[in-house]
Amino acid sequence: MKILSAVPSIRYGSILLSLSAVVGLCLIWPASTLGQPELADVIERCEKSVVRIEVDGKHGASLGSGFVVNADGMMVTNVHVLAGANAATVTFPNGKTYKISGIYSVDRGRDICIAQIDADELPVLPLAAELPRKGENVTALGSPQGLSFTATRGIISAIRPGEEMGRDTGDSTLKGTWVQVDAPLSPGNSGGPLVNNAGEVVAMSTLASFGDRAQNLNFGISVDDIRQSLDDAPKNKLVAFSESVGKIDMEDSRPESAEIIDRKAIPANALQDYVATGRRTYADLEKKLRKEAYEASEKLSEMKKGQSDGSIPRGKYAVRDTRRGDIYYFSDPETKSQVVSEQQSIVDDLKKAKEGLATTVDNDSLFKILWHYGPKIDPRAESKIGFMSNATVIHPFNKHDLAVVYNDAPFLMWVKTTAGLAQGQMVTSGPVFVAGTETIEIPGSGSVSVTVLHAVTETELRDAIFGADSATSYGEQYRIWTDKTGKFKIEATMVELDSFNIKLRKRSGETVAVPISKLSVEDLKFLKK
């Protein structure tokens, strides 16, 4: 039997990213799974003091978390969250937003930054009197992937000194005491509190692992170190972002959620070549699509019949090839459920792609098959477009950039949004542009060179097929858009569309995003055309 992993990943060895690199992965738990009602009460009370931080800095826009420790606005976050900031604002769960007026202190070795919010009479999060014990429950609060005010749950795995952390990560600058947890973390969690069952801060989410061990090697700087920084902070002058001292002190750290890929419009000739290939091979593509859809459906049926086998390593499954077909064995019911769910998504996508296709090529059918299927990608063909399916997330870096594995090779990929994506999940299939290569530095393990991919947007593909001035493309068609109630009216042109939202541009140039579910019946009919 061939043993397969339910969560494919790239093994880079025993690797931990540095403080300035992106953090690990996040599993967002519904409130009902976080524990007893008492825990829900603790979370509700604590998150009133937790903020989402939006940074405007030298690396572009980025996100992070922080928490209030003084009613007069003193706040704790990570150094790398505010790295290179020119300006930053915080948002509380009640929707109130304030500016961060400046920085009291920066401790790179512990990744602790004490900042000042331009507000007072704020709710305060208390600090625990001592370090937690191994095995204690802990809840991470923050804004992973920009999903504000999320809670994840785990236990204290270990307490480790900075010297040990430095040896393991290859970062000799690490100092202080570190709390290892298995609570899942994600970009945006950094700077958020790790609280105990009493609602007291025991650490601050700071550092996480990458690769095979990412689920149980996440770290926070300890409450002892936070308390020491807070004791020293009042002795320092508040340094505004606009003053050079503050910027110099922090500019060497790169914010974890800054954009890596500088994504520009895909060249017109690449889009035209992709469309021309699709038009020329349409009949073959349609035939292959129908065959693949049938085979995927058969595979799903066999997976559903699969059995559990305790001898298979957790998180993996095995396939035995017989004359009657493949027989699937799963390590446990949870792994089976995950694998079946992923295969169901593949079946659904292929079914959607083949429905309504014409037997001979027309523009509508061409768009549909190139958007949902298409000629396969050749990663070696730089500046070309190809279709990629069944790529799996290794790590989401920020709002748009993902590390993915496809055909056992790693890629860095720009996508429209990384919201909801975590390690092991599949990226939505679609056409991608091969943009070149990028080298990602991994402290303690050198660097990894990866091919860079840009997901083609629906607008780009539509315009390449129909033409920017066509009535079936977005173009510059200004019309009156109305919501279901008739109260909302706007003269605008459609510039972007996905499954949930439509982006409209007014004649003034201002853009607005509107949920498709709120559009009038007339607007929905227009979109169907």
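Which residues form one aromatic cluster with Tyr317? In this predicted model, the partners of Tyr317 in the cluster are Tyr328 and Phe330. That trio is a friendly place to start, since the tour below is about aromatic rings, the charges over them and an enclosed space.

Let's take the ring pairs next. The count of aromatic pairs in the model comes to eight. One of them brings together Phe367 and Trp371, whose rings are stacked, with 6.1 Å from centre to centre and 10° between the planes. The angle is what decides the label here: planes under 30 degrees apart count as stacked. If you trace the backbone, you will find both residues in helix α8, which spans residues 363-372. Phe367 and Trp371 are four residues apart there, about one turn of the helix. How buried or exposed is each partner? Phe367 has 8% relative accessibility and therefore counts as buried. Trp371, at 21%, counts as partly exposed; the cut-off for buried is under 20%.

A second pair has another geometry. The ring centres of Tyr373 and Phe387 lie 6.3 Å apart and the planes meet at 40°, so this pair is tilted. It links distant parts of the chain, with the two positions 14 residues apart in numbering. Tyr373 belongs to the loop between α8 and β17, while Phe387 is in strand β17 (385-388). Both Tyr373 and Phe387 are buried.

Those two residues also lead us to an enclosed space. The model has two cavities of 30 Å³ or more, and the largest cavity holds about 110 Å³ of space. Tyr373 and Phe387 are among the residues that line it, and the lining also includes Glu292, His372, Lys376, Ser389, Asn390 and Ser429. Which helix gives the most to this lining? The answer is helix α7 (residues 333-354), with three residues. Ile346, Asp349 and Leu350 are further members of the lining. Sorted by class, the lining of the largest cavity is made up of four nonpolar, four polar and three charged residues.

To finish, let's see where charged side chains meet rings. Phe367, the buried partner in the stacked pair, has a charge over its ring: the charged end of Arg462 sits 4.3 Å from the ring centre. Elsewhere, Arg263 lies over the face of Trp414, at 4.6 Å from the centre of that ring. With the structure open, you might follow Phe367 from its stacked partner Trp371 to the charged end of Arg462 over its ring.

Technical notes: Residues numbered from 1 in each chain as written. Predicted model: local features only at pLDDT ≥ 70, side-chain atom pairs only at ≥ 80, totals over all residues. Heavy atoms only, no water. 1 Å grid on protein atoms, 1.4 Å probe; cavity = no way out; pocket = protein on both sides within 12 Å on 5 of 7 lines; lining within 4 Å. Points joined across faces, edges and corners; volume = space filled by probe spheres on them. Nonpolar A, V, L, I, M, F, W, Y, C, P; charged D, E, K, R; others polar. Phe/Tyr/Trp six-rings, centres within 6.5 Å; stacked < 30°, edge-to-face > 60°. Buried < 20%, exposed > 50% of the residue type's maximum accessible area, 1.4 Å probe, protein only. Lys NZ or Arg CZ within 6 Å of the ring centre and 35° of its normal.
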